[in-house]
Amino acid sequence: MPRIALYPGSFDPLTNGHLDLINRTVHIFNQVIVAVASNLQKAPLFSAQERVEMIKEVTQNLPTVTVTTFDGLLVDFARTHKVDAIVRGLRVVSDFEYELQMASINRQLGPEIETVFMVPNAKYAYLSSSIVKEVASLGGEIKAFVPPLVKERLEKKFGIPTVT
Ligand code: PNS
């Protein structure tokens with residue numbers, strides 16, 4: 001039976017930490033669905049379609065990865081796509097409380113769906129989409145934090161000339 005992983009998130013935008021996690025997940029699961037949440041509590045910088053498009057481009061070398069949006073409950077999406085496990089990244093200890101809460105709620109709602117925690121490379125432990133957006137908005141160098149395409153799109157959003 002092929003094993004299907006669901007990697008959900010806001011991805012506003014995708015960082016190198018997210019990409020590191022996707023690369024690790026493809027080695028464990030036969031198929032990986034990256035699901036971009038379209039209904040966020042906070043207004044996103046990038047539309048859901050923009051986020052999907054960026055992730056598709058940077059994962060085009062990974063044939064077992066598909067990228068799509070989702071809204072509604074994550075467990076409903078997981079059930080519809082016959083997912084075996086929800087994959088979430090744990091960067092630092094402070095991530096754990098929120099992640100445990102989310103995994104526990106998801107287990108209550110969908111007991112058949114497991115949550116698997118993956119740890120990204122330590123060099124990305126401090127990275128988050130929010131911090132990258134803040135640095136980019138202030139004209140800081142973000143080359144080490146996001147794939148080149150995302151850097152380009154972020155700088156365009158903030159009206160900053162791209163230097164390669
Ligand atoms: O990258 P994020 O913002 O930490 O991702 C959180 C996300 C979008 C995966 C989570 O908020 C989610 O699953 N939202 C869908 C609604 C849902 O199912 N909520 C109950 C479980 S938290």
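**Exercise 1. Locate P13 and F11 in this predicted model, and describe the backbone feature of each residue.**

Solution. Start with P13, which is found in the loop between strand 1 and helix 1. Next, look at the peptide bond from D12 to P13, which is cis, with omega near 0°. Then turn to F11, which also lies in the loop between strand 1 and helix 1. Finally, read the phi angle of F11, which is positive at about 50° although F11 is not a glycine.

**Exercise 2. Determine which residues surround the ligand, and sort them by kind.**

Solution. Begin by listing the residues around the ligand, which are P8, G9, S10, A37, F70, G72, L73, L74, R88, Y98, M102 and N106. Sorting the residues of this shell then gives 7 nonpolar, 4 polar and 1 charged.

**Exercise 3. Find the distances from oxygen atoms of the ligand to polar atoms of S10, L74 and R88, and state how much of the ligand is buried.**

Solution. Take S10 to begin with: an N or O atom in the side chain of S10 is 2.5 Å from an oxygen atom of the ligand. For L74 the partner belongs to the backbone, where a polar atom is 2.8 Å from an oxygen atom of the ligand. For R88, a polar side-chain atom lies 2.8 Å from an oxygen atom of the ligand. As a last step, consider the surface of the ligand, which exposes 530 Å² when taken alone, and of which the protein buries 70%.

**Exercise 4. Identify the pocket that holds the ligand, and name the elements that contribute to the shell around the ligand.**

Solution. The ligand sits in the largest pocket. Two elements, strand 1 (4-9) and helix 4 (95-109), give two or more residues to the shell around the ligand. Of these, helix 4 provides the largest share of the shell, with 3 residues.

**Exercise 5. Describe the largest pocket by its volume, its lining residues and the elements that supply them.**

Solution. Start with the volume, since the largest pocket holds about 1200 Å³ of space. The pocket is lined by 41 residues, and those closest to its centre are P8, G9, S10, R88 and Y98. Continue with the elements that give two or more residues to this lining, which are strand 1, helix 1 (16-26), helix 3 (74-80), strand 4 (85-89), helix 4 and helix 5 (129-137). The largest share of the lining, 7 residues, comes from helix 4. To finish, divide the lining by kind, which gives 19 nonpolar, 14 polar and 8 charged residues.

Definitions and conventions
Residues are numbered from 1 along each chain as its sequence is written. This is a predicted model: local features need pLDDT of at least 70, side-chain atom pairs count only at pLDDT 80 or more; totals for chains, interfaces and linings use all residues. Side-chain values use heavy atoms; hydrogens and water are left out. A residue is near a molecule or strand if one of its heavy atoms lies within 4 Å of it. A polar contact is a pair of N or O atoms within 3.5 Å; within protein, one must be able to donate a hydrogen and the other to accept it, and residues adjacent in sequence count only if both atoms are side-chain atoms. Accessible areas come from the Shrake-Rupley method with a 1.4 Å probe; for residues, only the protein chains shown count as cover. On a 1 Å grid over the protein atoms alone, a cavity is a set of points where a 1.4 Å probe fits but cannot get out, and a pocket is an open set with protein on both sides within 12 Å along at least five of seven lines; lining residues have an atom within 4 Å of a point. A molecule sits in a cavity or pocket if more than half of its atoms lie within 2 Å of its grid points. Helices (H or I, at least four residues) and strands (E, at least two) are DSSP runs, numbered from the N terminus. Ala, Val, Leu, Ile, Met, Phe, Trp, Tyr, Cys and Pro count as nonpolar, Asp, Glu, Lys and Arg as charged, and the others, Gly among them, as polar. Grid points are joined across faces, edges and corners, and a volume is the space filled by probe spheres set on the points.
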